[in-house]
Amino acid sequence: MADTYAPADSIHVLQVDDTPLLDETVEFPAGRDPDSLTLTTTDRADSALEHLEDNAIDGIVAADDLSDRSGRAFVDAVRERDSNLPVLLLIESESVASNAVSNGVTDVFSRDTAVERGDLLANRIRLLVEHHQSTEIASRTRRQLTELAEQSNELLWVFSGDWTEIQFVNSAYETLYGRSVESLQADPAEFMTAIHHTDQERVMQAMQRVSAGESVDLEFRITKPDGEQRWVRAEAQPIVDDGTVIRIVGASRDITERKRRESERVTELDSPDAPVDAVPDLFYELDENGDLARWNDALAAATGHEDADLASMALTALFAPSDRETVRQGIETAFETGEASFKADLLTADGTTVPYEFTGGRITAADGSTLGVAGIGREISTPDSRQQALEQQNERLDEFASVVSHDIRNPLDVARGQLELAQIEHDSEHLDAVERAHDRIGQLIEDLLSLARNGEAALDSEPVPLQTVVEQCWQTVETGDVTLELRTSAVVRADPGRLRQLFENLIRNSVEHGQTPHTEKQGDTGEQRVTTSISQSQGAATDLTITVGELDDGFYVADDGVGIPADERENVFEGGYSLASGPGFGLRIVDEIVDTHGWSITVAESDAGGARFEITGVEFDAA
């Protein structure tokens with residue numbers, strides 16, 4: 001037996017053949033990883049089995065006819081030791097192929113072909129080993145995720161897009177619902193039987209909305225088999241692929257104790273002697289119409305308004321105009337889901353603003369009807385504590401980036417390597433589809449990392465000429481024959497890197513979603529703007545014009561494409577949303593960048609009928 005030890009970047013293969021076809025080391029073309037096969041060769045099955053006892057082997061290539069036993073008998077002995085180790089059997093006749101594979105052989109290869117094309121034999125055993133390793137990684141990752149899910153107190157679950165199949169559920173289901181995981185797997189609709197009859201219709205409507213692509217967050221009551229009634233809050237998120245909801249992921253948790261406390265709080269609030277003035281933070285209570293019904297002295301002191309004035313004021317009048325929509329949506333969320341939190345600037349009687357963070361919870365009566373919303377407002381924390389929170393967030397983001405880079409990119413790289421080898425041996429349109437899927441996964445990884453890292457990381461603002469940054473983006477985004485019109489010479493204060501990322505995503509969005517015959521547009525009369533036309537020929541969209549222009553307090557990006565339907569415009573900034581086949585995070589990233597700068601973004605129809613994104617609240621610079 002020839003013993004050779006494989007380096008870390010090589011696959012170690014045991015060759016069992018009295019007429020070996022592979023050299024002790026097989027080098028692969030530059031750029032492959034691993035870059036070689038290192039072989040240990042023997043002509044006897046017995047010595048090969050002894051070698052397996054004491055050495056780490058990645059795969060085996062064996063002759064079908066060995067001197068001391070048949071190749072298939074040798075495979076049987078290998079399987080007694082390791083049921084998954086890849087074994088490639090060299091056969092003399094195709095007639096034995098199916099029988100060999102059904103009896104434990106991983107794959108077969110024609111000996112005649114191997115004699116003439118040793119490189120194909122080496123590639124085949126490499127593919128088998130890499131597939132085995134990828135499967136092991138995937139299996140290990142799934143076990144780890146399952147173990148992690150079992151550590152959660154929340155009920156975690158994954159359903160098919162139409163709710164007919166339960167694809168994953170952790171054991172918290174048994175604690176919360178009092179039923180077994182096995183019974184839910186056998187009947188995915190079982191959980192509906194536990195829902196209180198007065199809540200079932202509302203839950204079913206929410207499930208239909210998720211299947212249609214909408215995220216939901218709702219509360220309902222369930223009854224366990226022993227008759228105990230509990231309150232549950234469930235959050236569900238659709239996973240969309242090419243416009244179709246392929247599965248639904250969610251989490252449910254027991255909120256019975258919180259509901260009990262809310263009920264007690266309602267009882268206290270019904271008393272005219274409720275000691276709300278003892279609360280140092282702002283306290284507010286809204287009636288069922290969302291109007292201010294009760295408040296403490298801290299609210300009057302913070303705003304500078306007399307109680308009589310507060311009684312006659314609309315709630316939104318207490319906030320800066322730029323935050324009033326945020327307040328309205330926050331209160332609406334509290335009424336719909338039971339709780340909400342938001343940040344807004346409180347507007348005082350003398351016109352100054354003070355940043356506050358508000359939380360609110362729905363007030364319900366004993367019969368389940370809604371009485372209103374009550375909550376607390378607290379002045380935003382000091383810079384020191386915000387910095388500490390930011391550092392903790394950055395640590396979590398770094399950990400997330402590490403997981404994505406290592407545990408997702410590595411298997412993807414292996415899959416891409418296998419695909420390249422398969423394309424060498426076969427010319428198939430199915431392999432082209434696999435390559436497109438790999439590219440889409442890679443883009444999704446990059447978008448997720450970008451989305452995670454934007455967050456509230458510190459900005460490095462400086463004067464940035466819009467014309468310069470847009471022209472730079474135009475050189476990096478594949479735009480084909482699309483035409484760019486620049487109608488601005490403004491300089492804005494922004495983080496240069498993030499501003500460039502914003503334009504790259506908006507331009508890419510127009511190119512991917514806006515292809516349509518070009519419509520001639522007239523320039524804005526009276527506008528004093530620099531207008532530049534740029535075109536490229538890189539094979540992407542055609543007959544499309546993208547315009548970047550200036551607003552009184554910001555800028556816009558518009559196109560003359562097919563536009564975005566009016567009923568979809570509120571959803572385009574949600575993660576995972578896409579009108580095409582992309583990952584669906586590009587506009588979500590744009591929204592994060594806008595929010596990080598303290599700007600606002602809206603989507604509308606352009607003058608030519610396409611999409612128009614307006615970014616406002618931007619600070620211009622005279623430089």
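Two strands count as paired here if DSSP finds at least two bridges between them. On that basis, this predicted model contains an open sheet of five strands, arranged in the order β8-β7-β11-β10-β9 with antiparallel pairing. The briefing below covers that sheet, the helix that packs on it, and a separate pair of helices.

**The sheet**

- The edges are held by β8 (166-169) and β9 (216-223), each of which has a single partner strand, so that one side of each is left without a neighbour in the sheet.
- On average, and with direction ignored, neighbouring strands of this sheet are turned by 25° against each other.
- Within the sheet, β10 (residues 229-241) pairs with β11 (residues 244-254) in the antiparallel sense over ten bridges, and Ile239 stands opposite Arg247 in β11.
- Helix α8 (residues 200-211) packs on the sheet, where it touches β9, β10 and β11, and the direction of α8 makes about 145° with that of β9.

**The α15 and α16 pair**

- Helix α15 (residues 466-476) packs with helix α16 (residues 496-513) at an angle of about 55°, their axes lying 9 Å apart.
- Because an angle that falls outside the roughly parallel, antiparallel and perpendicular ranges counts as oblique, α15 and α16 are oblique to each other, and their crossing is right-handed.
- From α15, the residues Leu466, Val469, Val470, Gln472, Cys473, Trp474 and Thr476 meet Leu499, Arg500, Phe503, Glu504 and Ile507 in α16.
- Sorted by class, this contact of α15 with α16 comprises eight nonpolar, two polar and two charged residues.

Terms used:
Residues are numbered from 1 along each chain as its sequence is written. This is a predicted model: local features need pLDDT of at least 70, side-chain atom pairs count only at pLDDT 80 or more; totals for chains, interfaces and linings use all residues. Side-chain values use heavy atoms; hydrogens and water are left out. Helices (H or I, at least four residues) and strands (E, at least two) are DSSP runs, numbered from the N terminus. Axes are lines fitted to C-alpha atoms, for helices over the stretch in contact, and angles run from 0 to 180 degrees between N-to-C directions. Contact means heavy atoms within 4.5 Å. Angles under 35 degrees count as roughly parallel, over 145 as roughly antiparallel, 65 to 115 as roughly perpendicular and the rest as oblique. A crossing is left-handed if the near helix is turned anticlockwise from the far one by less than a right angle, and right-handed if clockwise. Ala, Val, Leu, Ile, Met, Phe, Trp, Tyr, Cys and Pro count as nonpolar, Asp, Glu, Lys and Arg as charged, and the others, Gly among them, as polar.
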